[in-house]
Amino acid sequence: MKVSQLFTKTSKTAPADEVSKNAQLLIRAGYVNKEMAGVYDYLPLGKIVLGKIMDVIREEMNGVGGSEISLTALQQKDTWEASGRWSDDVMDVWFKTRLANGTELGLAPTHEEPLTKLMKGFISSYKDLPVYPYQFQIKFRNELRSKSGLMRGREFWMKDLYSFSRNQEEHDAFYEKISEAYARVYSRLGLGAITYKTFASGGSFAKYSHEFQTLSPVGEDKIYVHEGKKIAINEEVYNDEVLADLGVSRNELVERTAVEVGNIFTLGTKFSDALDLNYTDEAGKSKRVFMGSYGIGPSRVMGLIAEHFADDKGLVWPENVAPFTVYLVRIGGEAAVAHADELYDEMTSKGIEVLYDDRDERPGAKFADSELMGIPYRVTVSDRLLEAERYEYTPRASGVTESLTRGQLLAKLG
Ligand code: ATP
Ligand code: MG
């Protein structure tokens, strides 16, 4: 892509009412626009990053047998009344609206109820199980506070997968499998070293559920980390229990602040009881379907990555989520222009993702933009460099410039 095609512009300042560092940087670099507190638009660069995060998650969900769907955001009151979650006292984050005829509707805060109801049309026999539908869907939650930028939206993206299994045993095997897939997601996103599988309370059908918590000074959650075992315990479990069955003792745990980037939960028959979702087993007996739910917040993850890797010059994306791999800067007259055009074509044809700064701007402005945008590698073409048959190559993370021949440059990026 060429910078001249990007309609967004970078800015030296963020909106005065934006207090979070992730949103400040993402707004300044033109990735997102702030509509209101907790509500952000994704602009071209932001849409690419969000898409790359989703692609990693999608691959891992498909890898454990998931099938992608897309459910509606408008939801029926009756469906939610069946589980008792329509009431604002039970679900305190509801956004609700009405049809012209007065019928009340909800704006999806999550999708257990509508999906359980939908699956009644497709599950009747043991032969129909297990199944793992999932989606990337906007959720609406009237969060009380929204000062963490993309990390706590009132309208935000969620990946939600739901498992429908014959029994607890089949469920437990899948729960382990998806737990491993979650660990792979965070490590592929560059967060593996600081993300902990965290024991949380489990509800009626399992002693524990699990949160995936990423250490961050701006996290809203407190967790207790066991460095040696690479696990953690959330505050609720820490306060409520003797921790013997987890094989850890209180004095081995270190208190840290963290962000919940995902969670996995055994629902059991809570929703199949409420919405009457059954199957007939091998012996012809009717049984409840055994369920689980598995969330990840791609927009929260994007905010977290933005904030975690940033430095005083701006964003620093890990390579696999960066919107482009190379920021190509051209400086100088006709020769530099022709040469940069040609290098852009060659890199693009080799499959290298390049953002080409084809504007007639000062070099300083171009460098500052490439740093603010956090593109992993900057490549500079100038009249002076051309005379020496060299290119400047500057990794964003180190900021250290190397002078390379064309062959060396293409080898590095290939
Ligand atoms: P939290 O305790 O942070 O409010 P939650 O327990 O309400 O999270 P879930 O309902 O389990 O979260 O949602 C699944 C995932 O969606 C979470 O693990 C998180 O990554 C993401 N998520 C939840 N709420 C938000 C939000 N307001 N903005 C962005 N992402 C969110
Ligand atoms: Mg919540």
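Let's start at the ligand: sorted by class, the shell around ligand 1 holds 5 nonpolar, 4 polar and 5 charged residues. Keep in mind as we go that this is a predicted model. In total, 14 residues surround ligand 1, and the closest of them are Glu143, Arg152, Gly153, Glu260 and Asn263.

Two of those closest residues also supply short polar pairs to the ligand. Glutamate 143 places a polar side-chain atom 2.8 Å from a nitrogen atom of ligand 1. Arginine 152 does so towards an oxygen atom of ligand 1, with a distance of 2.8 Å. Then there is arginine 300, where a polar side-chain atom lies 3.0 Å from an oxygen atom of ligand 1. How much of the ligand's own accessible area does the protein cover? On its own, ligand 1 has 580 Å² of accessible area, and the protein covers 82% of this.

It helps to see which parts of the fold build this shell. The elements that contribute two or more residues to the shell are β8 (155–165) and β13 (254–268). Of the elements around ligand 1, β13 gives the most, with 4 residues.

From here we can step to a side chain that touches the backbone of one of the ligand's closest neighbours. Glutamine 213 sits in strand β10, which spans residues 208–215. Is glutamine 213 buried or exposed? Its relative accessible area is 0%, and since buried means under 20%, glutamine 213 counts as buried. The glutamine 213 side chain reaches the backbone nitrogen of glutamate 260 at 3.1 Å, and Glu260 is among the residues closest to ligand 1. Glutamine 213 has a further partner in aspartate 221: their side chains are joined by a polar contact of 3.0 Å.

Now let's turn to another part of the model, a small piece of sheet architecture. As a reminder, strands of a sheet pair through backbone hydrogen bonds, in either a parallel or an antiparallel way. Here, an open sheet of 3 strands runs in the order β4-β6-β5, and the pairing is antiparallel. The edges are taken by β4 (74–76) and β5 (95–98); each has a single partner strand, so one side of each is left without a neighbour in the sheet. From one strand to the next, the twist averages 45 degrees.

To look at one of these pairings in detail, follow β4 and strand β6 (residues 104–107), which pair in the antiparallel sense over 3 bridges. If you want a spot to orient yourself in the viewer, find leucine 74, which stands opposite leucine 107 in β6.

Key. Residues numbered from 1 in each chain as written. Chains lettered and ligands numbered in written order. Predicted model: local features only at pLDDT ≥ 70, side-chain atom pairs only at ≥ 80, totals over all residues. Heavy atoms only, no water. Near = heavy atom within 4 Å. Polar contact = N/O pair within 3.5 Å; in protein donor to acceptor, adjacent residues only side chain to side chain. Areas by Shrake-Rupley, 256 points an atom, 1.4 Å probe, with all protein chains shown as cover. Nonpolar A, V, L, I, M, F, W, Y, C, P; charged D, E, K, R; others polar. Pairing = 2+ DSSP bridges. Axes fitted to C-alpha atoms, helices over the stretch in contact; angles between N-to-C directions. Buried < 20%, exposed > 50% of the residue type's maximum accessible area, 1.4 Å probe, protein only.
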